[in-house]
Amino acid sequence: MSSPALTNDLFESEIEIYRKFLPIVSPVEGANPKTNTWDVPYTIGELSYLVHSHYRYYGKFPSVVPGQLLDQFPPPSKEHYVLDNFCGSGTTLVEAKLRGIKSFGVDISWLSCLVSNVKSNAVDTKQVNTELNRISKEFHKIAIKYSAPEDSFVEKWFEKETSRELAALREIILNLPQSSERDFLLVAFIGIIRRVSKAFDGEVRPHINKAKKQRGVFEAFSKKVRDMCSDHDHYMRLINTRTPSKCLLGSNVELPSILNDGKCHLVISHPPYLNSFNYTPVYSLEFYWGVPFEAEYTGGQKNLHKQELTAHPASEKITDSYFSHLEQCYRETYKIQSPGGYLAIVIGDCTRNGELIPVLEKTIEIVKKIGYVPHEYNYRTTHYGLGKYAYRHRADYHGDADKKDGILIFKR
Ligand SMILES: C[S@@+](CC[C@H](N)C(=O)[O-])C[C@H]1O[C@@H](n2cnc3c(N)ncnc32)[C@H](O)[C@@H]1O
């Protein structure tokens with residue numbers, strides 16, 4: 001007979017990795033609507049299982065937040081789907097795929113769409129490795145012939161040698177025929193830009209790190225591709241590759257018509273937090289090297305980023321436009337959802353000059369006005385550590401009773 005400890009171990013090993021770190025949910029007695037706290041006492045490393053580590057996306061939510069929502073609100077049929085209307089790096093799409101749930105995302109940034117689609121869908125990793133070997137030979141042949149682009153932006157952020165190598169590698173990827181393997185390699189390429197630059201790796205908005213040691217571009221790229229392949233293989237063993245997932249390029253204040261089919265059961269929505277940051281400047285280094293790919297991935301649409309929800313700085317004008325954007329985008333989701341569907345908004349309060357802006361309260365007011373009915377409020381405590389890059393100074397999840405980080409759930 002097995003000992004209790006051994007039985008426990010066996011049981012533990014059977015829990016799928018994506019269900020291992022779900023939030024610890026504790027009800028708040030006597031609250032109306034039903035209210036809970038969600039505790040996520042895990043590190044970023046623990047929550048970056050499978051393909052979640054493909055791309056360092058500043059400002060993503062813990063993978064287990066959409067995971068918990070999808071477990072709590074599973075769609076009633078295979079045709080019903082979840083929509084993430086601020087898709088970012090596709091965390092929701094990945095968690096939905098792991099559960100066999102059809103999903104759509106919408107994001108204003110072509111880079112977000114690329115990353116989301118690569119992460120959530122299958123790829124032939126053997127073919128990726130074959131390409132990598134071919135690229136290696138070509139790179140070592142041609143890199144020497146390239147020169148670094150001469151412009152002050154690139155000179156500020158990259159050593160000459162690094163720019164030269166990045167230019168050569170980019171050219172090789174640009175010349176590959178369009179395929180899911182090329183998309184995969186492009187995500188790896190974009191994924192190493194910050195690492196090979198002179199900027200701090202972990203900081204949200206790039207700043208020069210004078211002490212940073214330079215890394216060879218190809219060495220960083222091939223390691224990244226190999227790590228991604230190994231994580232992707234593990235992911236593909238867990239998913240049904242026929243479960244559809246797709247991130248669409250566009251703005252959430254005018255949802256693509258394909259979504260207007262009455263089958264959207266759950267909307268998961270994670271807008272940039274007010275007064276935190278805007279996305280375009282955060283990715284300036286990646287966008288710089290991505291320029292030649294942009295037209296291909298945007299279908300030639302220009303200036304899409306002008307429709308980005310502006311979240312920083314929280315001046316009065318920007319605060320007003322922030323809330324009016326939220327109103328417009330939840331009017332859109334209300335239009336495409338049928339009665340009985342759910343909307344889950346992951347959002348945080350903030351302070352302006354030390355004064356609280358009650359973002360959660362205001363969001364509830366807006367969403368109720370549209371016609372959604374409050375269903376359940378959850379308040380998150382997330383322990384990301386208290387290091388230099390912790391989220392402590394943004395939505396404060398520790399001890400500050402007034403400032404809340406919420407997952408607000410409404411019924412259509
Ligand atoms: C907080 S992030 C979402 C992160 C995501 N939950 C994840 O885990 O990766 C917000 C995203 O909203 C996108 N965004 C901003 N304005 C938008 C708009 N008008 N329409 C669609 N997406 C928008 C940004 O490009 C950014 O990727």
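1. The domain assignment splits the protein chain into domain 1 (14–117 + 239–280 + 299–411) and domain 2 (125–236). These bounds come from an automatic or database domain assignment. Residues are numbered from 1 along each chain as its sequence is written. The model is predicted: local features need pLDDT of at least 70, side-chain atom pairs count only at pLDDT 80 or more, and totals for chains, interfaces and linings use all residues, while side-chain values use heavy atoms, without hydrogens and water.

2. The centres of domain 1 and domain 2, taken over C-alpha atoms, are 30 Å apart. Contact exists between 17 residues of domain 1 and 19 residues of domain 2 (heavy atoms within 4.5 Å).

3. The ligand has 24 residues around it, each with a heavy atom within 4 Å. Y57, S89, T91, D107 and H270 come nearest. The shell comprises nine nonpolar, twelve polar and three charged residues. Here Ala, Val, Leu, Ile, Met, Phe, Trp, Tyr, Cys and Pro count as nonpolar, Asp, Glu, Lys and Arg as charged, and the others, Gly among them, as polar.

4. Backbone atoms also approach the ligand. A nitrogen atom of the ligand lies 2.9 Å from a polar backbone atom of L309. For N252, a backbone N or O atom is 3.0 Å from a ligand nitrogen atom. For F61, a backbone N or O atom is 3.3 Å from a ligand oxygen atom. The protein buries 99% of the 610 Å² that the ligand exposes when taken alone (Shrake-Rupley method, 1.4 Å probe).

How values were computed:
Polar contact = N/O pair within 3.5 Å; in protein donor to acceptor, adjacent residues only side chain to side chain.
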